[in-house]
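Colleague: Please take a close look at a single part of this model, the salt bridges. Then work outward to whatever surrounds them.

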Amino acid sequence: MSDGRYYLVEFAHLHVDFHIPEVASILEMEGLMNRCSVYPLPNQCFEPCTLKEFITLTSCMGTLGNVVIMPPRSFLILSFSSCGANYKNEEEEDRLILDALSQCVLVRGVIELWAADKDVHECAAQVK
């Protein structure tokens with residue numbers, strides 16, 4: 001993962017098909033949709049993209065024969081580009097993002113993600 005602030009979003013295990021649409025609609029309502037990027041979880045095979053691109057990608061994915069290409073997941077990694085001078089500091093910007101995500105009924109929790117990797121030793125090295 002590159003520099004920046006990342007959030008791990010955990011969803012409730014209900015209404016799996018509505019996780020992404022709900023987050024997208026709330027972020028759109030709060031004016032955050034264009035600043036939002038989605039990053040793959042370890043073992044997911046897609047490139048980081050905007051939330052709009054991710055919605056298109058996941059709507060096209062599904063099953064190919066008996067193989068599930070991208071099953072719904074209970075977690076999502078989001079990152080938001082900075083608004084720069086519109087906010088006094090990072091804490092104010094974080095509060096805006098967390099307040100928006102807290103409006104989502106299907107979001108169980110949001111935590112700031114410091115590192116992610118397939119290998120636990122690499123992940124620990126990223127945190128240092």
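Modeller: One cut-off first. A residue is buried under 20% relative accessible area and exposed over 50%; in between, the residue is partly exposed. Keep in mind that this is a predicted model.

By that cut-off, Arg 5 is partly exposed, because its relative accessibility is 26%. Glu 112 falls in the class of partly exposed residues as well, at 37%. Their side chains form a salt bridge, with N and O at 3.4 Å. Arg 5 sits in the segment before strand 1 and Glu 112 in strand 7 (residues 107-113), so the bridge ties together parts that are 107 residues apart in sequence.

The model has five salt bridges in total. Another one pairs Glu 10 with Arg 108, the closest N and O atoms being 3.5 Å apart. Here strand 1 supplies Glu 10 and strand 7 supplies Arg 108, so parts 98 residues apart in sequence are tied together. The two ends fall in separate classes of exposure: Glu 10 is partly exposed at 26%, whereas Arg 108 is exposed at 52%.

A further bridge stays within one helix. Arg 95 and Asp 99 meet at 3.2 Å, N to O. Both belong to helix 3, four residues apart, which is about one turn of the helix. An α-helix has 3.6 residues a turn, so residues three or four places apart point the same way. Arg 95 is partly exposed at 47%. Asp 99 is partly exposed too, at 37%. There is also a network: salt bridges that share partners join Arg 5, Asp 94 and Glu 112.

Now the frame around these pairs. Five strands make an open sheet in the order 3-2-6-1-7, with antiparallel pairing. Strand 3 (49-50) and strand 7 are its edges; each has a single partner strand, so one side of each has no neighbour in the sheet. Glu 112 and Arg 108 therefore both belong to an edge strand, strand 7. Further in, strand 1 pairs with strand 6 over five bridges, in the antiparallel sense. One position in that pairing is Val 9, whose bridge partner in strand 6 is Leu 76. Helix 3 lies across strand 1, strand 6 and strand 7. The helix runs at about 15° to strand 1.

Glu 10 has another role in the contact list. Ser 74 touches Val 9, Glu 10, Phe 11 and His 13, leaving aside neighbours within four places in sequence. Ser 74 is in the loop between strand 5 (67-68) and strand 6 (75-80). The side chain of Ser 74 also makes a polar contact with the side chain of His 13, at 3.0 Å. The loop between strand 1 and helix 1 holds His 15. The phi of His 15 is near 50°, a positive value in a residue other than glycine. His 15 is exposed, at 53% relative accessible area.

What about the nonpolar side? In soluble globular proteins, nonpolar side chains tend to be buried together. The largest nonpolar core here has 24 residues. Those touching the most other members are Val 23, Leu 27, Leu 51, Phe 54, Leu 76, Leu 78 and Phe 80. Two or more core residues come from each of strand 1 (6-11), helix 1 (19-29), strand 2 (36-39), helix 2 (51-60), strand 6 and helix 3 (90-102). Helix 1 gives the most, five residues. So strand 1 and helix 3 carry salt-bridge residues, Glu 10 in strand 1 and the Arg 95 and Asp 99 pair in helix 3, and both elements also feed this core.

Look at Val 23 for a sample of the packing. Beyond its neighbours within four places in sequence, Val 23 contacts Phe 11, Leu 51, Leu 78, Leu 101, Cys 104 and Val 107. Apart from this core lies another, of seven residues, including Tyr 6, Leu 8, Leu 41 and Ala 116.

Helix 1 also buries polar residues. Its buried residues are His 19, Ile 20, Glu 22, Val 23, Ala 24, Ile 26 and Leu 27. Just after the helix, Gly 31 takes a positive phi of about 75°.

Conventions
Residues numbered from 1 in each chain as written. Predicted model: local features only at pLDDT ≥ 70, side-chain atom pairs only at ≥ 80, totals over all residues. Heavy atoms only, no water. Polar contact = N/O pair within 3.5 Å; in protein donor to acceptor, adjacent residues only side chain to side chain. Contact = heavy atoms within 4.5 Å. Core = buried A, V, L, I, M, F, W, Y, C linked by side-chain atoms within 4.5 Å. Buried < 20%, exposed > 50% of the residue type's maximum accessible area, 1.4 Å probe, protein only. Salt bridge = Lys/Arg side-chain N within 4 Å of Asp/Glu carboxyl O. Pairing = 2+ DSSP bridges. Axes fitted to C-alpha atoms, helices over the stretch in contact; angles between N-to-C directions.
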